[in-house]
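User: Please take a close look at one part of this protein, a single loop, and set it within the rest of the chain.

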Amino acid sequence: MSGRAQLMWDDAVTGYDFGDTHPMDPVRLALTMGLVRAFGLDAAVDLRSARPLGDSSLRLVHRQDYVAAVRAASANPRAADHNYGLGTVDDPAFTGMHEASALIAGLSVGAAEAVWRGETEHAVNFTGGLHHAMPGSAAGFCVYNDPALAIARLLELGAERVAYVDVDVHHGDGVQAAFWEDPRVLTISLHEHPRTLFPQTGWPEETGAGAGEGSAVNVALPAGTGDEGWLRAFHAVVPELLADFRPQVLVTQHGADTHFEDPLAHLAVSLDAQRAVMESCHRLAHDHADGRWVALGGGGYAVVDVVPRSWTHLVGIAAHAPVDPESVVPPSWRDLVYARTRQLGPGRMTDGRTPSWKAWEDGYDPADRLDQAVLASRKAAFPLRGLLT
């Protein structure tokens with residue numbers, strides 16, 4: 001097994017472009033790769049590309065009629081079929097949509113294959129994490145569900161236990177739906193409460209069905225949750241579940257939209273807490289999955305101040321070359337930011353916070369909204385897995 005992490009990248013991913021007024025600006029991907037390079041992390045990883053997924057691979061998750069509809073909309077955006085969620089406000093059709101979406105999916109699947117085959121312990125695709133796409137429709141800025149496709153490919157290759165941990169501010173509904181009845185996949189999502197945020201799913205009572213009952217775990221966090229509560233919830237749920245499940249591979253989704261500057265959501269998490277969770281996921285992969293870790297990006301719409309810094313930390317952690325939070329952002333990258341966006345980039349790799357949290361084992365407050373959220377998740381899912389609440 002290589003000692004170097006793999007970073008999946010292809011310049012063509014910036015073709016995943018819903019238009020100038022859409023919040024999911026592909027400049028966030030270009031700026032992230034620029035910051036990775038500015039810190040020299042591209043020399044600490046094996047840079048890899050991958051082929052766009054073909055139809056047979058896309059059908060591991062998506063229906064053939066949906067793939068055909070995406071292809072048709074990609075060739076003629078004006079003919080996009082709204083019945084498939086295409087050509088909508090959230091998912092406008094654009095020329096080359098199929099190709100760009102299949103490429104991002106191919107990068108995530110390539111990352112999963114490399115980890116499973118022992119080519120590397122850790123593989124990162126920060127362009128991925130498009131977790132809302134359903135088998136037969138686009139949703140929430142997502143056309144093809146690359147996390148689900150990566151997991152499905154792992155199962156096809158022989159994996160018997162894959163854990164998926166999603167810390168995007170939005171519920172990982174598409175991945176949960178793909179494996180709703182599959183006990184081989186444990187999906188854990190920490191997200192803003194569905195009462196206050198799209199996609200209005202991810203209630204604690206959503207725990208899977210049939211043979212997969214107990215294989216979906218949802219922590220619905222109150223709007224306004226900050227670093228201490230977010231970290232407390234993560235550590236009150238995720239480590240115990242992974243220790244019990246013993247995944248062969250850990251797949252994580254690191255949407256940066258939990259940040260207090262994100263314009264589309266209502267959590268108040270800092271870059272420093274996001275980095276702390278990335279470090280925890282890295283450690284959990286070594287503790288419970290023999291180091292096999294596939295790390296993906298996701299949402300994030302503060303495209304200059306937050307996303308590039310957050311995912312550069314992710315790449316550094318996966319490469320065993322973590323970026324010191326106190327590091328000054330290289331001036332060359334700030335020049336790039338200004339050239340691309342006419343905005344001033346952030347000056348340091350930190351928000352100046354020191355993340356801390358109170359361990360769940362030290363007791364909880366039944367009157368506290370955050371503790372109520374954690375307890376609801378534990379009560380709904382833990383007994384189904386033979387664990388104490």
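Analyst: Strands are here DSSP runs of E at least two residues long, and helices are runs of H or I of at least four, both numbered from the N terminus. With that in place, the loop to look at in this predicted model is the one between β5 (185-192) and β6 (216-221), where Ala 209 is located; Pro 199 has its place in the loop between β5 and β6 as well.

The backbone leading into Pro 199 deserves a careful look, since the peptide bond that joins Phe 198 to Pro 199 is cis, with an omega near 5°. In general, most peptide bonds are trans.

Further along, Ala 209 has a relative accessible area of 23% and is therefore partly exposed, because the buried class is reserved for values under 20% and the exposed class for those over 50%. Leaving aside residues up to four places away in sequence, Ala 209 touches Trp 180 and Glu 181. By contrast, the C-alpha atom of Ala 68, a residue 141 positions away along the chain, is separated from that of Ala 209 by 29 Å.

The loop can also be set against a record: UniProt, in an unreviewed entry, places the feature "domain: Histone deacetylase" at residues 22-315. That span is 38% helix and 12% strand, and the C-alpha atoms at its two ends lie 26 Å apart.

Two residues in other loops have backbone angles that may also be worth inspecting. Arg 246, in the loop between α7 (227-245) and β7 (249-253), has a positive phi of about 55° although it is not a glycine. His 320, which sits between α9 (307-318) and α10 (331-341), likewise is not a glycine and has a positive phi, of about 60°; with a relative accessibility of 44%, His 320 counts as partly exposed. Most residues other than glycine have a negative phi.

As for the protein around these loops, it contains 11 helices and 8 strands. Its radius of gyration is 19 Å, close to the 21 Å that the globule rule gives for 389 residues, so the protein is as compact as a globular protein of that length. Buried residues make up 60% of the 389, and, of the contacts with a separation of 6 or more, 77% are between residues 24 or more positions apart. The accessible surface comes to about 14,100 Å², with 48% of it belonging to carbon and sulfur atoms.

Conventions:
Residues numbered from 1 in each chain as written. Predicted model: local features only at pLDDT ≥ 70, side-chain atom pairs only at ≥ 80, totals over all residues. Heavy atoms only, no water. Rg over C-alpha atoms; globule rule 2.2 N^0.38 Å. Buried < 20%, exposed > 50% of the residue type's maximum accessible area, 1.4 Å probe, protein only. Contact = heavy atoms within 4.5 Å. Areas by Shrake-Rupley, 256 points an atom, 1.4 Å probe, with all protein chains shown as cover. UniProt positions renumbered as here; feature names shortened; annotations may be inferred.
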